[in-house]
Amino acid sequence: RSTRPWTPAVDIFETENDLVLKADLPDVDQKDIDVRVENQTLTIAGQRKFEKQESTKGFHRIERSYGNFVRSFAVPSSFNTEEISAEYKNGVLSVTLPKKEAAKPRQVKIEVKA
């Protein structure tokens with residue numbers, strides 16, 4: 001059994017309206033995932049459990065890491081942490097934070113006079 005600490009891979013990108021974080025959490029039960037925001041810090045925590053067997057007999061190789069993980073990220077103040085949403089599908093956790101209205105790009109039509 002692997003005793004290495006586990007750090008899930010995370011992508012973070014910004015769209016016109018949102019900040020999106022995607023974390024690879026294969027074989028993690030949804031009930032073992034905790035997402036929270038406090039003081040402009042987004043934290044994802046959870047656990048990938050090792051299938052308990054009488055022994056590791058039968059395993060040729062165990063390379064994947066198991067156990068608890070925690071990842072924390074600073075969230076810019078231009079994003080609304082009150083409106084955070086999260087979805088877990090196909091082993092990927094997607095967390096979306098919408099931009100505050102003032103931070104969204106705006107176009108202003110300027111009348112050109114002759």
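These legends walk through a few views of a predicted model of one protein chain.

**View 1. The whole chain is built on strands, with seven of them and zero helices.** Following the sequence from start to end gives the pattern β-β-β-β-β-β-β. Of the 114 residues in the protein chain, 29% are buried. Take the contacts between residues at least 6 apart in sequence: 54% of these join residues at least 24 apart. As for the surface, the chain exposes about 8600 Å², and carbon and sulfur atoms supply 44% of that area.

**View 2. Glutamate 14 and lysine 99 pair up through their side chains in a salt bridge.** The N to O distance here is 2.9 Å. Which parts of the chain does this pair tie together? Glutamate 14 belongs to strand E1 (residues 10-14), while lysine 99 sits in the segment after strand E7 (92-98), so the bridge links parts that are 85 residues apart in sequence. Is lysine 99 buried or exposed? With a relative accessible area of 12%, lysine 99 is buried, because the cut-off for that label is under 20%.

**View 3. Lysine 31 and aspartate 32 form a salt bridge between their side chains.** Here the N to O distance is 3.8 Å, which counts because the rule accepts a nitrogen within 4 Å of a carboxyl oxygen. The two partners get different burial labels: aspartate 32 is buried, at a relative accessible area of 18%, whereas lysine 31 is exposed, at 62%.

**View 4. Arginine 36 and aspartate 34 meet side chain to side chain in a salt bridge.** The N to O distance comes out at 2.8 Å. How accessible is each partner, starting with arginine 36 at its relative accessible area? Arginine 36 has 48% and is partly exposed. Aspartate 34 has 30% relative accessibility and also counts as partly exposed.

**View 5. Salt bridges that share partners join four residues, Asp29, Lys31, Asp32 and Lys49, into one network.** Two members of this network, Lys31 and Asp32, are the pair from View 3, with their N to O distance of 3.8 Å. Within the network, then, Asp32 is a buried member and Lys31 an exposed one. How many salt bridges does the count come to? The total is six, and the pair of glutamate 14 and lysine 99 is one of them.

How values were computed: Residues numbered from 1 in each chain as written. Predicted model: local features only at pLDDT ≥ 70, side-chain atom pairs only at ≥ 80, totals over all residues. Heavy atoms only, no water. Helix = DSSP H or I, 4+ residues; strand = E, 2+ residues; numbered from the N terminus. Buried < 20%, exposed > 50% of the residue type's maximum accessible area, 1.4 Å probe, protein only. Contact = heavy atoms within 4.5 Å. Areas by Shrake-Rupley, 256 points an atom, 1.4 Å probe, with all protein chains shown as cover.
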